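Trainee: I have a new structure open and would like to go through it with you. Where should we begin?
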Amino acid sequence: PLSERLDAIARYVPADGAVADIGADHAQLLISLARSGRLKRGIAGEVNLGPYHNARQRVAASRFENRIDVRRGDGLNILAPDEADVIVIAGMGGALIASILESGNNRLRGVQRLILQPNNGAERVRLWLAENGWELRDEELVRDGGILYEILVAEPGMPERPYEALPLTREKALQIGPVLWRKRHPFLKSRLEKELAGWERILQKLQSGRTREAEERRRRVTEEIGEWRRMI
Ligand code: SAM
């Protein structure tokens, strides 16, 4: 069975598509989709040798070798034009996900949905999507093993000012997620509290500084804390 995190990702994969999982590692997601009869075709991409062999072995053992192709390569380079309907990139930092999308931008033509699960730095992914003609269709927070994971679902489209039509600064809307905010996601409060706790720890560490610079940093961190408090 899939973890809560991968299961939540799987629920966003439309049935009967050609699905590329970039950084597939164990290839569990594609194997599970194939098992439940929901996968027309799967492409597992891996840049690193260990995970690549891992994916190959798991796919071979699953008896879905005819349906799931395992390829070694960097990011979206493993895809031929118009090959995938859906692309999943999960379990990496947001900066890496954004850079994979940026350097593979020319492979995204024809792709109908991106399902992205950044482990951190989700604002980098949201910014890339907004600047490259991808509309956030849904966002989800899942709790798995005590950790909150963010899932972003995007489709081609250009919504008007998605980050400005909220009672948040654009910066905060990018960090928090406009859809999570609008749907008042039940886990959002814990997510914001975690952010606040992080800033409070930073302030603690800054307490001893006596220089003007330290004072200025304290002022900025205190401001940040105030902003997060107001949102909770
Ligand atoms: N996607 C799986 C999941 O969510 O459970 C595995 C996540 S694993 C933590 C991240 C994987 O991404 C690693 O196996 C790593 O080798 C792979 N990876 C990192 N950078 C990559 C890139 N540029 N192209 C393809 N795979 C990459």
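Mentor: Let us begin at the ligand, bearing in mind that this is a predicted model. Strand 4 gives the largest share of the shell around the ligand, namely three residues.

Trainee: Which other elements supply at least two residues of that shell?

Mentor: Besides strand 4 (86-92), strand 2 (39-46) and helix 4 (94-103) each supply at least two.

Trainee: And which residues come nearest to the ligand?

Mentor: There are 17 residues around the ligand, and G23, D25, P51, A90 and G91 come nearest.

Trainee: What is the shell like by class?

Mentor: The shell has nine nonpolar, five polar and three charged residues.

Trainee: Back to strand 4, please. How many bridges join it to strand 5?

Mentor: Six bridges join the two strands, which run parallel. Within this region, M92 stands opposite P118 of strand 5.

Trainee: Is strand 5 covered on one face or on both?

Mentor: Both faces are covered. R113, I115 and Q117 are buried on one side, and L114, L116 and P118 are buried on the other. Thus six of the six residues in strand 5 (113-118) are buried.

Trainee: Now a change of topic: which residues of helix 2 are buried?

Mentor: In helix 2, which covers residues 28-35, the buried ones are L29, L30, I31, L33 and A34.

Trainee: What do they pack against?

Mentor: The buried residues of helix 2 pack against helix 1, helix 3 and strands 1, 2, 3 and 4.

Trainee: What does L30 touch, leaving aside residues up to four places away in sequence?

Mentor: L30 touches V19, D21, A24, L39, G42, A44 and I68. L30 also belongs to the largest nonpolar core, which has 50 residues. L30 is among those with the most contacts inside that core, together with V19, A27, A44, I87, V88 and I115.

Trainee: Why might such a core form at all?

Mentor: In soluble globular proteins, nonpolar side chains tend to be buried together.

Trainee: What follows helix 2?

Mentor: Helix 2 is followed by G37, whose phi is positive, near 75 degrees.

Trainee: Finally, how is the whole chain divided?

Mentor: The chain has domain 1, residues 4-163, and domain 2, residues 190-231. Their C-alpha centres lie 35 Å apart. Over the protein chain there are nine helices and seven strands.

Trainee: What share of the 232 residues is buried?

Mentor: Buried residues make up 32% of the protein chain.

How values were computed. Residues numbered from 1 in each chain as written. Predicted model: local features only at pLDDT ≥ 70, side-chain atom pairs only at ≥ 80, totals over all residues. Domains from an automatic or database assignment. Near = placed C-beta within 6 Å. Helix = DSSP H or I, 4+ residues; strand = E, 2+ residues; numbered from the N terminus. Nonpolar A, V, L, I, M, F, W, Y, C, P; charged D, E, K, R; others polar. Buried ≥ 20, exposed ≤ 12 C-beta atoms within 10 Å, placed from the backbone. Contact = placed C-beta atoms within 7 Å. Core = buried A, V, L, I, M, F, W, Y, C linked by C-beta atoms within 7 Å. Pairing = 2+ DSSP bridges.
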